[in-house]
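Me: I would like a close look at a single part of this model. Please take one helix, then set it against the contacts and cores around it.

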Amino acid sequence: MLTVSHLTKQIDRTMIYENASFTLPAGTITALIGRNGAGKTTLLKTLVGALEPTRGKVEWNGESIHHVPKTREHLFLVPDSVSVYRQMTLGELINFYNAFYPNFEKTYIENYCRSSNLDRGRRVTSLSKGQAQLFLLQLAFATNAPVLLLDEPTDGLDRINKRDYLKQLVSLLAERQTAVLIASHQLEELDSLADRVMTIEKHLVREPKALDDAKASMQKWQVVYEDVPELSHADLHVLSQTGRVVTLLVLSDAGAQYLETTNPLLKDALPVQMEDYFLGTFGGKRHG
Amino acid sequence: MVKQLIRYHIKQGIWPLACFILLAIFSYGFGSYTVINEFENYEASQQPALLNTVLVSPFFAGFAAILIAVFAILMLGSERGSGRSLILHALPFPKVWLFWIKWSIGVVTLIVFPIIGFFVSWLLLQAFGGINPFDYVTWSSLFQDFGLFLLFDVTILTIFLFAGTIAGDIIGQLLLGTFFLFLNYFTYFSIYAVALLGFGVTYEELDKPTNFLMTITTPFALFFESNVDLNLTYPVLFCFALTIALLFFGSRLYIRGANERLGRFTIFPKLHPALIITFSIYTTILLAGIIGLISSENQFLYWLAIVILAWPTFSSYRRMIGWSR
């Protein structure tokens, strides 16, 4: 199991993230969410060993990812862009990773190329964004690495490619006990995919929560007022307002009590989505 | 695993490596033909030296130095600039392997091409010119030239690779590598500029204490002095020691390289102030030296040029490199 303890990264005296402590148990999908520039990609690169942490450690079964190179064969990072594989053909990329991952399933990825009509002699950068991302996902599965780190995997994909991507991810995860950490802004997808959610907020990496628990930590209401009052409470986040109908998020009991004091005519509970959780976590304080 | 890494690196540096083939054809193939045609026109005393330069080509060694520097820049500066090192450093093997693979490919290239070239030249001379080179040259003279040229090229490869372990991109590696390679000349001319133009010291007074900068502390001594009957022991020792030292520090710096700073002039921002100051001092002194020479070695004008040039030079470097980023 991958264990991360007090991981901190500082670049040029700027704190990127600090005190990340969590584990990635087998068979779980953890969503990593945060604002742009929050440090998600940097965290993934540190986890995989490409960046050195300022403090803290990343361990695979007690051995440091950064100090014991062999442990890195248990992790695979799917980058957000294929430009790093510039000049490499699909066949070369397959042979390349085959040499480094002892459980690499070459037949599996070759079958995938055949079934998707992908010529092994084609350059990775000549594939469309969707084809490239699907290929990299399959390549990641072919490595049989028990931990997969996906950085914005569906960013820029059209609906059909996105659906295919998620379908493949889910079906393959059902077969294997892989731990997956996905950094993404595609909250709708994460909602249907993730078991747990982890946030980076103001450089602090919060411990992962079960998605249901995370959503249960806030309430979403649609309320109707005779006259919409000035809703100003730190734990109340207005999502939208149409006439006298206001949709809002309540982030605490204090917020719920405040809402009662505003005397709404009607109050209807709505299910909290991942997007609401994101807004509640990262944008909720703006109305304070 | 190593085989894949070698293949990967060869692909990244394919252009300079392919140019080595062309260079070898020009140096050894065409060189042999020229000698076959002209051989009888040379005096008997010149023939051994001529054959020596065909079998171990200085033309090849000279241009190989440029190609191997380009190769080193593609191996490190380009890798860092494009972010490929992030992927390589996440793979399950010690990072230091990458440094040694880059250096080894360069060294093997520098050994293999001249050896093939030697046999091809020998064959051409023998088959088409009816010249048996070993009637004129000895193995020892060939080995000596081969060794000197190899050390010359390997030193340049190592200097540029070392520069690459500090640099964050192609530009940084190119400038640092060039600076390190010509540091002896820059220092020599700077001393002369300040002493001759600034303080009126005579050339004779300076010659002896500074001569070593031109004859010992440079790989170029091996290249240019190899056909002159000079004692090359000290330049050989210097280049050997420099190569070992740069490999030692380079391999350590490579694994300590901070990937988050890729794309910047260097990946060690703490070095930036020292680099800016050093570059500024050398540039100011040398530019002022040119002005001093133009102004008939006028001492006052030299110091005035120093004062005028110092700030623009410093601020240009500060802008280009960045004081603390």
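Reply: What follows treats one helix of chain B, then the chain contacts and the cores.

This is a predicted model, in which local features need pLDDT of at least 70, side-chain atom pairs count only at pLDDT 80 or more, and totals for chains, interfaces and linings use all residues. Residues are numbered from 1 along each chain as its sequence is written, while chains are lettered from A and ligands numbered from 1 in the order in which they are written.

Helix α9 of chain B covers residues 170–181 (helices are DSSP runs of H or I, at least four residues, numbered from the N terminus). Its twelve residues should span 16 Å at 1.5 Å a residue, counting one less than the number of residues, and the end C-alpha atoms are indeed 16 Å apart.

Buried in α9(B) are Gly172(B), Gln173(B), Leu176(B), Gly177(B) and Leu181(B) (buried: 20 or more other C-beta atoms within 10 Å of a residue's own, placed from the backbone). These residues line one face of the helix, because they fall within an arc of 145° seen down its axis, the arc being that of directions from the axis to the C-beta atoms. They pack against α4 (58–75), α5 (77–82) and α8 (139–166) of chain B.

Elsewhere, 20 residues of chain B are in contact with 21 residues of chain A (contact: C-beta atoms, placed from the backbone, within 7 Å). On the chain B side, α1 (2–12) and α6 (84–88) each supply at least two residues.

Key:
Contact = placed C-beta atoms within 7 Å. Buried ≥ 20, exposed ≤ 12 C-beta atoms within 10 Å, placed from the backbone.
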